[in-house]
Amino acid sequence: YKMAKFVVAGRTNCPYCAKCEIVADYLAQSLPDFNVHKIVIHPENWQSWLQTICSANNWQHEHSPIIWRELVDRGGKGSLLGGFNEFMEYVQGYYGFISDMKTDLMIKIAKENFWNSIKEQQDGVSMKRNQIKPMSIWISGALNTACSILIPILISGEIFGGDQLINLNLLDNEGSMSLLNGLQMEVEDMACPLLHKVSVQNSLRKAFMDADIIIILDDIAPDENQPIEDSYKDIIDLYQDIGVRIDTFAKSGVRVIVAGDHILNLKIHNLLQGAISIDRNNIIALSTQLEGETKTLLAKKLNVNTQDVKSVIVWGNIGRTTYIDLHRARVHRYESAVWGPSDFSHSVTEVIGDSEWIETEFQEAVHSHRTTLQKIVKRPIGLSLANAIYKVLQYWYFDSPPGEILSLGVISKGEFNIPADVIFSMPVRFCGGKWVIQT
């Protein structure tokens with residue numbers, strides 16, 4: 001019998017690696033001949049590290065984690081086992097071990113691993129909060145209702161970790177300084193321990209200085225009393241100016257989310273004209289809010305919870321011409337004659353069974369929903385927008401949950417016969433800090 005040492009290596013924010021580590025630790029404590037060595041790699045360094053280890057051993061492997069065996073009495077020669085699925089199948093077949101760890105717990109542990117690794121990199125073992133460089137977040141359009149809802153989430157530690165200090169910069173171009181100063185006082189009165197500094201301004205002068213994240217809520221609606229060409233010119237000029245400021249002052253790896261109700265694709269197109277040195281893949285338009293509104297309408301029709309509706313896709317020019325695609329949409333926990341396990345689902349189109357309703361009345365209801373809601377509440381709405389931004393940031397930093405897609409306006413590379421370099425809402429997943437179009 002040969003004693004084997006298992007090596008579990010993965011990204012610090014990978015939930016699957018976190019689960020493999022816990023299973024391996026349990027087996028190492030329970031079995032005298034089971035040894036484990038763990039290697040955690042920062043997400044930014046993962047791909048290069050993986051390519052190096054695979055090249056050195058003549059392996060082929062693309063994802064986190066990677067797991068191999070080293071037979072101790074053979075000089076540590078490595079034998080590739082595979083990834084998460086292969087490891088779980090191995091321990092079940094060889095040791096009779098089955099893990100029932102839930103996905104939410106896996107993601108929580110992955111988040112803890114990620115931030116622990118950040119601390120260990122900077123201080124070997126642990127790090128004082130005041131030693132962490134603050135993350136700089138800019139919100140443009142800070143007098144938008146969604147901003148006030150979003151601020152407590154951004155500085156709570158829920159997205160970026162319980163030790164990450166935040167510099168919050170609130171900008172509203174040509175907005176009231178009196179209102180901005182009042183907003184600053186409100187934020188300071190929260191006495192949030194992770195808020196390092198909050199500042200406000202109402203001009204683009206030195207806007208986006210040292211920004212790590214920029215959230216743009218500025219939403220210029222076309223003026224009905226103005227020729228459409230003139231309205232578009234105002235939008236083009238503003239967003240090209242914003243792009244130049246981002247290019248000049250923001251960090252090179254800045255991540256930018258553009259939200260709003262009007263022609264987001266045009267806004268990003270012109271923003272990219274100014275932000276010439278910023279990675280175009282780091283600038284995205286938010287169609288996730290429309291996707292959420294669609295799921296709500298479907299959930300009410302099907303008498304299920306909103307979270308039971310999955311894989312709704314928003315295509316097109318956000319805030320101008322979009323199409324809600326239900327061909328891949330699924331509904332879970334729907335009461336019918338056919339039932340299955342917890343992950344069983346039905347096709348939404350088959351359950352509804354009315355293609356004419358889907359293509360007419362349903363599409364109209366989705367696109368008029370936000371306007372109807374604003375007339376009912378008689379105030380600007382912001383909860384669904386803030387929640388959509390929170391969801392995108394969470395996935396961007398810690399990956400999409402397994403099997404879940406969301407709609408985002410991103411730059412096309414020719415997928416789905418969409419012309420290259422066009423900003424278009426499409427289905428994506430986040431993996432390793434990057435979005436990947438789901439074809």
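Is Asn417 buried or exposed? Let's start there and then work through the rest of this predicted model together.

**Exercise 1. Place Asn417 and Ala191, and describe their backbones and surroundings.**

*Solution.*
Step 1: Asn417 counts as exposed, because its relative accessibility is 78% and the cut-off for exposed is over 50%.
Step 2: Find Asn417 in the loop between β16 and β17 (423-431). Its phi is positive, about 65°, although Asn417 is not a glycine.
Step 3: Turn to Ala191, in the loop between α6 (177-189) and β7 (195-201). Here phi is about 50°, again positive without the residue being a glycine.
Step 4: With 60% relative accessibility, Ala191 counts as exposed.

**Exercise 2. Find the cis peptide bond between Ser64 and Pro65 and say where Pro65 lies.**

*Solution.*
Step 1: Look at omega for the bond that joins Ser64 and Pro65: the value is about 0°, and the bond is cis.
Step 2: Follow the chain around Pro65, and you are in the loop between α2 (43-57) and β3 (66-71).

**Exercise 3. Describe how α1 packs against α3.**

*Solution.*
Step 1: Take helix α1 (residues 15-30) and helix α3 (residues 84-95); their axes are 10 Å apart and the packing angle is about 25°.
Step 2: Angles under 35 degrees count as roughly parallel, and α1 and α3 are therefore roughly parallel to each other.
Step 3: The handedness of the α1 and α3 crossing is left-handed.
Step 4: List the partners: α1 brings Tyr16, Lys19, Cys20, Val23, Ala24 and Leu27, while α3 brings Phe84, Phe87, Met88, Val91 and Tyr95.
Step 5: Sorting the residues of this α1 and α3 contact by class gives 10 nonpolar, no polar and one charged.

**Exercise 4. Do the same for α5 with α12, and then for α9 with α11.**

*Solution.*
Step 1: Helix α5 (residues 145-154) and α12 have axes 8 Å apart and pack at about 35°. The crossing of α5 and α12 is right-handed.
Step 2: On the α5 side you will find Ala146, Ile149, Leu150, Ile153 and Leu154, which meet Leu383, Leu385, Ala386, Ile389, Tyr390 and Leu393 in α12. The class count for α5 with α12 is 11 nonpolar, no polar and no charged residues.
Step 3: Now move to helix α9 (residues 288-302) and helix α11 (residues 355-377), whose axes come within 10 Å and cross at roughly 125°. That angle makes α9 oblique to α11.
Step 4: α9 passes α11 in a right-handed crossing. From α9 the contact uses Gln289, Leu290, Glu293, Thr294, Leu297, Leu298 and Lys301, and from α11 it uses Trp357, Phe362, Ala365, Val366, His369 and Arg370.
Step 5: By class, α9 and α11 meet through seven nonpolar, three polar and three charged residues.

**Exercise 5. Describe the surroundings of Asp399, Asn169 and Val331.**

*Solution.*
Step 1: Asp399 sits in the loop between α12 (383-398) and β16 (406-411). Its relative accessible area is 11%, so Asp399 is buried, the cut-off being under 20%.
Step 2: Beyond residues up to four places away in sequence, Asp399 touches Arg11, Gln394, Phe430, Cys431, Gly432 and Gly433. A polar atom of the Asp399 side chain lies 2.8 Å from the backbone nitrogen of Gly432.
Step 3: Asn169 belongs to strand β6 (residues 166-171) and is buried, at 8% relative accessible area. Setting aside neighbours within four places in sequence, Asn169 contacts Ser136, Ile137, Trp138, Ile139 and Ser199.
Step 4: Val331, in strand β14 (residues 330-332), is buried with a relative accessible area of 0%. Outside its neighbours within four places in sequence, its contacts are Leu302, Val304, Asp308, Ser345, His346, Val348 and Val351.
Step 5: Check one pair: Val331 and Val348 are 17 residues apart in sequence, and their C-alpha atoms are 5.8 Å apart.

**Exercise 6. Step back to the whole protein and to helix α8.**

*Solution.*
Step 1: Count the elements: 12 helices and 18 strands.
Step 2: Of the 439 residues, 49% count as buried.
Step 3: Among contacts with a separation of 6 or more, 68% link residues 24 or more positions apart.
Step 4: Helix α8 (residues 264-274) is mostly covered, with eight of its 11 residues buried. Those buried residues of α8 are Leu264, Asn265, Lys267, Ile268, Asn270, Leu271, Leu272 and Gly274.

Note on methods. Residues numbered from 1 in each chain as written. Predicted model: local features only at pLDDT ≥ 70, side-chain atom pairs only at ≥ 80, totals over all residues. Heavy atoms only, no water. Axes fitted to C-alpha atoms, helices over the stretch in contact; angles between N-to-C directions. Helix = DSSP H or I, 4+ residues; strand = E, 2+ residues; numbered from the N terminus. Parallel < 35°, antiparallel > 145°, perpendicular 65-115°, else oblique. Left-handed = near helix turned anticlockwise from the far one by under 90°. Contact = heavy atoms within 4.5 Å. Nonpolar A, V, L, I, M, F, W, Y, C, P; charged D, E, K, R; others polar. Buried < 20%, exposed > 50% of the residue type's maximum accessible area, 1.4 Å probe, protein only. Polar contact = N/O pair within 3.5 Å; in protein donor to acceptor, adjacent residues only side chain to side chain.
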